Amino acid sequence: MNVIVIAIIVVTIIGILCAAMLSVASKVMAVEVDERVPKVTACLPGANCGGCGFPGCEGYAAALVEDPDLDLTLCAPGGAAAVAAMGEILGRSGGEMVKKFAVIQCTGDCNTTGNKMEYKGIDSCAGGKLMFGGAGECTYGCLGLGDCAAVCPENAICIENGIAHVDTRVCTGCGACAKVCPNNVIALVPEKFNVKIACSNKDKGAAVRKKCKAGCIGCGMCMKKCPEGAITLKDNLASIDYSKCTNCGTCKESCPVKCIIG
């Protein structure tokens with residue numbers, strides 16, 4: 001018999017045997033998937049942003065089915081509608097969903113601060129941070145190279161005049177931007193609140209003013225004027241406790257450098 005024909009027959013037999021083995025293995029070693037997982041996944045927006053802390057929507061759905069105590073409100077893009085739908089499938093209460101959006105805690109743009117050097121490197125905040133804390137005079141501020149804009153699944157962030165800006169009409173509060181910011185100048189704030197601290201500098205007042213005209217000087221005036229005691233001063237920087245804030249706006253009015261926005 002021709003050698004080529006023999007080779008073809010042998011390869012065909014091997015192929016058939018392998019196919020049979022794979023078929024048997026797929027049934028014997030199959031991992032059963034809870035039928036609720038695809039149903040819960042369908043309730044989620046499919047953004048796969050990772051804001052929930054799991055690898056995509058399906059990963060979060062699988063975790064919810066496996067762990068009955070896992071919080072149903074971790075998907076910010078899905079909102080209250082997703083929480084209610086998942087709660088119905090899983091047979092448990094969803095809890096209250098507080099809508100949030102990202103806030104850039106820095107207003108140090110080209111008009112209020114400057115650069116200490118000319119940066120020529122990769123177009124990345126993480127990369128720029130490695131070069132003496134970034135090109136800007138304020139090493140606490142927004143680096144303005146767009147890592148946050150690159151990971152935003154809704155294209156809600158843009159870089160204008162040297163710093164990042166968030167379009168709150170589009171932002172879903174997934175938190176992906178906050179995770180990649182090397183200077184941690186992005187915070188998630190409940191949508192209903194109008195006041196935000198737009199600075200992250202922890203230097204003393206005089207040092208801040210030398211670097212940025214819009215920075216918090218740690219004077220404590222907002223803390224003293226707040227009728228609810230919702231503002232504290234730590235490391236020369238004001239912060240708002242939103243569980244106490246009533247949106248009165250007194251802090252914004254009393255800030256001498258206008259670094260409280262809203």
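**Entry 1: V103 and strand β1**

I began with V103, which is buried in this predicted model, its relative accessible area being 6%. I placed V103 in strand β1, and I then listed what V103 touches once residues up to four places away in sequence are set aside: V185, I186, A187, V189 and K196. I also looked up the C-alpha separation between V103 and A198, which is 8.1 Å for two residues 95 places apart along the chain.

**Entry 2: A198**

From there I turned to A198, which sits in the loop between β5 and α8 (205-211). Is A198 buried or exposed? I found A198 buried, with a relative accessible area of 1%, and because the cut-off for buried is under 20%, I have no doubt about that label. With residues up to four places away in sequence not counted, A198 touches I104, Q105, C106, T107, C259 and I261. For one of these, C106, I noted the C-alpha distance to A198 as well: 4.7 Å, across 92 residues along the chain.

**Entry 3: the nonpolar cores**

I next asked which residues have the most contacts inside the largest nonpolar core. The core holds 38 residues, and the ones with the most contacts within it are I157, I186, I231, I240, C245 and I260. The elements that contribute two or more residues to this core are β1 (100-104), α6 (147-151), β3 (163-166), β4 and β7, and the largest share, 4 residues, comes from β1. I186 therefore turns up twice in my notes, once among the residues with the most contacts in this core and once as a contact of V103.

I followed C245 a little further and recorded that C245 touches F193, V195, A230 and I240, residues up to four places away in sequence being left out. Apart from the largest core there lies another, of 18 residues, with A63, L70, L72 and V83 among them.

**Entry 4: aromatic pairs**

A pair of aromatic rings is described by the distance of the centres and the angle of the planes. How many aromatic pairs does the model contain? I counted 2.

The rings of F54 and Y60 have centres 5.7 Å apart and planes at 25°, so I logged this pair as stacked; the reasoning is that planes under 30 degrees apart count as stacked. F54 is partly exposed, with a relative accessible area of 24%, whereas Y60 is buried at 1%.

For F193 and Y242 I read a centre distance of 4.9 Å and planes at 45°, so this pair is tilted. F193 lies in the loop between β4 (186-190) and β5 (196-197), and Y242 in the loop between β7 (237-240) and α10 (250-254), so the pair ties together parts that are 49 residues apart in sequence. Both F193 and Y242 are buried, and F193 is also one of the residues that C245 touches.

**Entry 5: pockets**

I then looked up the largest pocket, whose volume is about 500 Å³. It is lined by 37 residues, and those closest to its centre are N115, G136, C142, L143 and G162. I sorted the lining of the largest pocket into 16 nonpolar, 18 polar and 3 charged residues.

The second largest pocket has a volume of about 340 Å³. Of its 21 lining residues, Q105, C199, S200, K202 and L237 lie nearest its centre; Q105 is already in my notes as a contact of A198. Which element gives the largest share of this lining? I found that β7 does, with 4 residues, while the elements that give two or more residues to the lining are β4, β5 and β7. The lining of the second largest pocket divides into 10 nonpolar, 6 polar and 5 charged residues.

**Entry 6: positive phi**

Last, I checked backbone angles at two asparagines. N155 has a positive phi of about 55° although it is not a glycine; I located N155 in the loop between α6 and β2 (157-160), where N155 counts as exposed at 66% relative accessibility. N184, also a residue other than glycine, has a positive phi near 55°. I placed N184 in the loop between α7 (176-180) and β4, and I noted N184 as exposed, with a relative accessible area of 57%.

Notes
Residues numbered from 1 in each chain as written. Predicted model: local features only at pLDDT ≥ 70, side-chain atom pairs only at ≥ 80, totals over all residues. Heavy atoms only, no water. Phe/Tyr/Trp six-rings, centres within 6.5 Å; stacked < 30°, edge-to-face > 60°. Buried < 20%, exposed > 50% of the residue type's maximum accessible area, 1.4 Å probe, protein only. Core = buried A, V, L, I, M, F, W, Y, C linked by side-chain atoms within 4.5 Å. Contact = heavy atoms within 4.5 Å. 1 Å grid on protein atoms, 1.4 Å probe; cavity = no way out; pocket = protein on both sides within 12 Å on 5 of 7 lines; lining within 4 Å. Points joined across faces, edges and corners; volume = space filled by probe spheres on them. Nonpolar A, V, L, I, M, F, W, Y, C, P; charged D, E, K, R; others polar.
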